[in-house]
Amino acid sequence: ELVVPKSKSDGLIKSLHEAGICELKEAKREGLKCLASEVSTEIDLANKNLSSLVLNLEPFRPIKQPENMVKALFFPSAPERIKVDLLSDKAVLQEAEHLMQAIAPNVEKRLEELKGIEQAIEEKTFLIEELLSLPNVNTDIFEETKMLSVLLGIVANNDLEKINEKLGKNVYVLKKRDEATSLLVAICLQQDKPDVERELHSIGFESLKIPLEHKRPSEIKHRLEIERRKLKARIKEIKLYLRNIAKMHGERLELLGEELLVCSERNNALNCIQTGSSFSLFEAWIPEKNLEGFRKLIEEKSPKYYLSVKERDDAPTLLNNHKLIKPFEMITELYSLPKANGIDPTPVIAITFSIFFGYMLTDFFYGVILTLVALAIFRGIGRYNPNLRRFSAVLIALGISTAILGAAFKSYFGDFFSKNRN
């Protein structure tokens, strides 16, 4: 438990967040209130809107050619580091909102237009395909009148006999589209339309919706194709605009998203702190090895403070093993972790897992190859990826175990050498 002057709370939170030496716990005391940031809600909203904008622009960002897989694993390039100025939460929020106000409305407008155009192209393409099914006569002959209703559609050839039996003279086959389907037109009185529609659809009749104009299908198709080409040209213009926006602002938007995420984490930490009129109360879990560093950091930020330290049975579990065994913690973490005062099974897992893996593979050369590949990954991408570094360290141990047991059982690529010698 830590008590510091209220004026020092924000600076202390930032330092603790950067140092990463403790885990804040929500403090609860009667008569005290939560120390919430003034811009906490605005930061969460801005982070949500910024994430949505970045996601919308992602398909239009320049495509980076992936590195060769071998090079990426064994000889990776160092991650790019971008220098940023340390800004206050309000300054980060202000910059994010200013950039989104300049970009987001135009991006959303273009995306909405793009969606509408793509839908219009689909509709025109579908109409063109339907027009190909019609005989080359003016399409307005299929237009309904006050007295008569005209139903145009497609039906399976196998169902033509059923339709003739039920509707008789009301149905006419205009043409066969292919071996399976035919184009059919049904003409009836307006008052009989619901009954006729019901009978047709019960048999599998698929309605066709076509433009009814005093033009032949070929003429309408030509017009629709011209309109479709214009829409496709407009799509190219919109995508070019969005690609330029993504190229100009994509990296900055991602960087602002990370800064807002840091601000949000700090504000969530502030919510764990209770405050009175002149002081703030912190509660945190601190690994014993970090306690001295924790004290020094507090003294740097707030010369006046009160600190109470005690062990608790409900503390979160922190695995702490020798560096040779530590990589095997990733296997322990796949299961339920022991309690803080419980027994850590990682040393036993490290030994037994390695031995049993070696017994299963049991080949000297397989073990050597596995060790060399894992060592190359450890010294390659493992320098920049902590998870792959731990995984490759486990593979090194498994490879050594396999090689030792393989030599013990005289297994060298199985019985390859003994067969050749015989």
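**Figure 1. Helix α12 from end to end, in a predicted model.** Let us start with α12, whose 23 residues reach 33 Å from the first C-alpha to the last, close to the 33 Å expected at 1.5 Å a residue. The expected span is 1.5 Å times one less than the number of residues in the helix. Helices here are DSSP runs of H or I with at least four residues, strands are runs of E with at least two, and both are numbered from the N terminus. At the N-terminal end, Asn 385 acts as the cap of α12, with a side-chain oxygen 3.1 Å from the backbone nitrogen of Asn 387. Such a polar contact is a pair of N or O atoms within 3.5 Å; within protein, one must be able to donate a hydrogen and the other to accept it, and residues adjacent in sequence count only if both atoms are side-chain atoms. Because this is a predicted model, local features need pLDDT of at least 70 and side-chain atom pairs count only at pLDDT 80 or more, while totals for chains, interfaces and linings use all residues. Residues are numbered from 1 along each chain as its sequence is written, and side-chain values use heavy atoms, with hydrogens and water left out.

**Figure 2. The buried residues of α12 and what covers them.** Among the buried residues of α12 are Ser 392, Val 394, Leu 395, Ile 396, Leu 398, Leu 405 and Gly 406. Buried means under 20% relative accessible area, exposed means over 50%, and partly exposed is in between, with a 1.4 Å probe and protein chains only. The cover over these buried residues includes α9 (329–332), α10 and α11; contact means heavy atoms within 4.5 Å.

**Figure 3. Two loop residues with positive phi, Thr 362 and Lys 410.** Most residues other than glycine have a negative phi. Thr 362 departs from that pattern with a phi near 45 degrees, and Lys 410 has a positive phi of about 55 degrees. Where do they sit? Thr 362 is in the loop between α10 (346–361) and α11 (364–379), whereas Lys 410 is in the loop between α12 (386–408) and α13 (416–421). Is each one buried or exposed? Thr 362 is buried, at a relative accessible area of 16%, while Lys 410 is exposed, at 67%.

**Figure 4. Asn 157 in the loop after β4.** Asn 157 lies between β4 (148–156) and α5 (160–167), and with a relative accessible area of 17% this residue is buried. Its side chain reaches the backbone oxygen of Glu 179 at 2.7 Å. Leaving aside neighbours within four places in sequence, Asn 157 also has contacts that include Asp 178, Ala 180, Thr 181 and Ser 182.

**Figure 5. Leu 184 and its surroundings in strand β6.** Leu 184 belongs to β6 (residues 181–189) and, at 0% relative accessibility, is buried. Beyond neighbours within four places in sequence, the residues in contact with Leu 184 include Leu 151, Val 155, Ile 163, Tyr 172, Leu 200 and Phe 205.

**Figure 6. The largest pocket.** This pocket holds about 1100 Å³ of space. Of its 37 lining residues, the closest to the centre are Trp 285, Ile 286, Pro 287, Glu 288 and Ala 315. On a 1 Å grid over the protein atoms alone, a pocket is an open set of points with protein on both sides within 12 Å along at least five of seven lines, a cavity is a set of points where a 1.4 Å probe fits but cannot get out, and lining residues have an atom within 4 Å of a point. Grid points are joined across faces, edges and corners, and a volume is the space filled by probe spheres set on the points. β9 (279–285) is one of the elements that supply at least two lining residues, and β9 gives the most, with four. The lining divides into 18 nonpolar, seven polar and twelve charged residues. Ala, Val, Leu, Ile, Met, Phe, Trp, Tyr, Cys and Pro count as nonpolar, Asp, Glu, Lys and Arg as charged, and the others, Gly among them, as polar.

**Figure 7. The second largest pocket.** The volume here is about 560 Å³. Among the 20 residues of the lining, Val 84, Leu 255, Glu 258, Glu 259 and Val 262 are the closest to the centre. α7 gives the most to this lining, with eight residues.
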